[in-house]
Amino acid sequence: MRGVISLSDGTQDTSEAAIAEIPTVTGVTPLSAPSATPAVLAAGEPKINGLLRRMVQMGASDLHLSSSHRPMIRESGDMIELSDHPVIPPDRLKQLLNPIVPNHNM
C-alpha cells in the first residue's frame, strides 16, 4: 500500500522517505455511526455551530479541525474521527472558521 502526504502548500509527497517519516497514530477511533443527531442551524448562524453542538451533545471536550481531513473530537480522552462527516477541503475550513476567528488570525 502506498501512502500520500498532503503538504500545507497543497502539494502531495508520495516518496518513500516522506512516507517513512509519518508517525504512528494511536488512540484514534473512527466513529462509524453518529452518537448524536445532527444539529439544525438557525438562519444566519455560523455553520461551525453545527459541529460545536454535535461535540457537546456527544460529551466531547475538544473539536479538532484540519484541512483535508474529517473533523475529530476528544471524548473521554480518546480521539474520535467523525467518519460520517465529509473531509473538509481547505477553502471550506476557511469558510467554517471565518465567522468566529478574528481577521488578523486568518
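The protein chain averages a pLDDT of 76, and 62% of the residues score at least 70. The structure is a predicted model. Confidence in the protein chain is highest in strand β4 (residues 62–64), at a mean of 95, and lowest in strand β3 (residues 28–31), at 50. Over residues 31–36 the pLDDT is below 50. Beyond near neighbours in sequence, the stretch of residues 31–36 has 14 contacts in the model.

Three helices and six strands make up the secondary structure elements of the protein chain. Read from the N terminus, the order of these elements is β-β-α-β-α-β-β-β-α. The protein chain has 106 residues, of which 20% count as buried. The exposed area of the protein chain is about 7,300 Å², and carbon and sulfur atoms supply 54% of it. Among contacts between residues at least 6 apart in sequence, 26% join residues at least 24 apart.

By the distance rule applied to side chains, the count of salt bridges comes to three. One of them is formed by R54 and D84, with an N to O distance of 3.0 Å. This pair links distant parts of the chain, with R54 in helix α2 (residues 48–57) and D84 in the loop between β6 and α3, 30 residues apart. The two partners fall into separate accessibility classes: R54 counts as buried, at 8% relative accessibility, whereas D84 counts as partly exposed, at 37%. For R54, the assignment follows because 8% is under the 20% limit for a buried residue. The side chains of D84 and R54 are also listed as a polar contact, at 3.0 Å. The loop that holds D84 runs between β6 (78–82) and α3 (90–97). In space, D84 lies 8.6 Å from R70, C-alpha to C-alpha, with their positions 14 residues apart in sequence.

A further salt bridge joins the side chains of R74 and D62, at 2.9 Å from N to O. R74 lies in strand β5 and D62 in strand β4, so the pair ties together parts that are 12 residues apart in sequence. R74 is partly exposed, at 27% relative accessibility, and D62 is likewise partly exposed, with a relative accessible area of 28%. Strand β4, which contains D62, is the element of highest mean confidence in the protein chain.

The side chains of E45 and R53 also meet in a salt bridge, with an N to O distance of 2.4 Å. E45 has a relative accessible area of 18% and is buried, while R53, with 34%, is partly exposed. The value for E45 lies under the 20% cut-off, and therefore E45 is classed as buried.

Positive phi values occur at two serines described here, S68 and S76. Phi of S68 is near 65°, a positive value in a residue other than glycine. S68 is placed in the loop between β4 and β5 (72–75), and its relative accessible area of 35% makes S68 partly exposed. S76 has a phi of about 55°, again positive although the residue is not a glycine. The position of S76 is in the loop between β5 and β6. With a relative accessible area of 73%, S76 is exposed; this class applies because the value is over 50%.

Definitions and conventions
Residues are numbered from 1 along each chain as its sequence is written. This is a predicted model: local features need pLDDT of at least 70, side-chain atom pairs count only at pLDDT 80 or more; totals for chains, interfaces and linings use all residues. Side-chain values use heavy atoms; hydrogens and water are left out. Helices (H or I, at least four residues) and strands (E, at least two) are DSSP runs, numbered from the N terminus. Buried means under 20% relative accessible area, exposed over 50%, partly exposed in between (1.4 Å probe, protein chains only). Contact means heavy atoms within 4.5 Å. Accessible areas come from the Shrake-Rupley method with a 1.4 Å probe; for residues, only the protein chains shown count as cover. pLDDT is the predictor's confidence in each residue, from 0 to 100. A polar contact is a pair of N or O atoms within 3.5 Å; within protein, one must be able to donate a hydrogen and the other to accept it, and residues adjacent in sequence count only if both atoms are side-chain atoms. A salt bridge is a side-chain nitrogen of Lys or Arg within 4 Å of a carboxyl oxygen of Asp or Glu.
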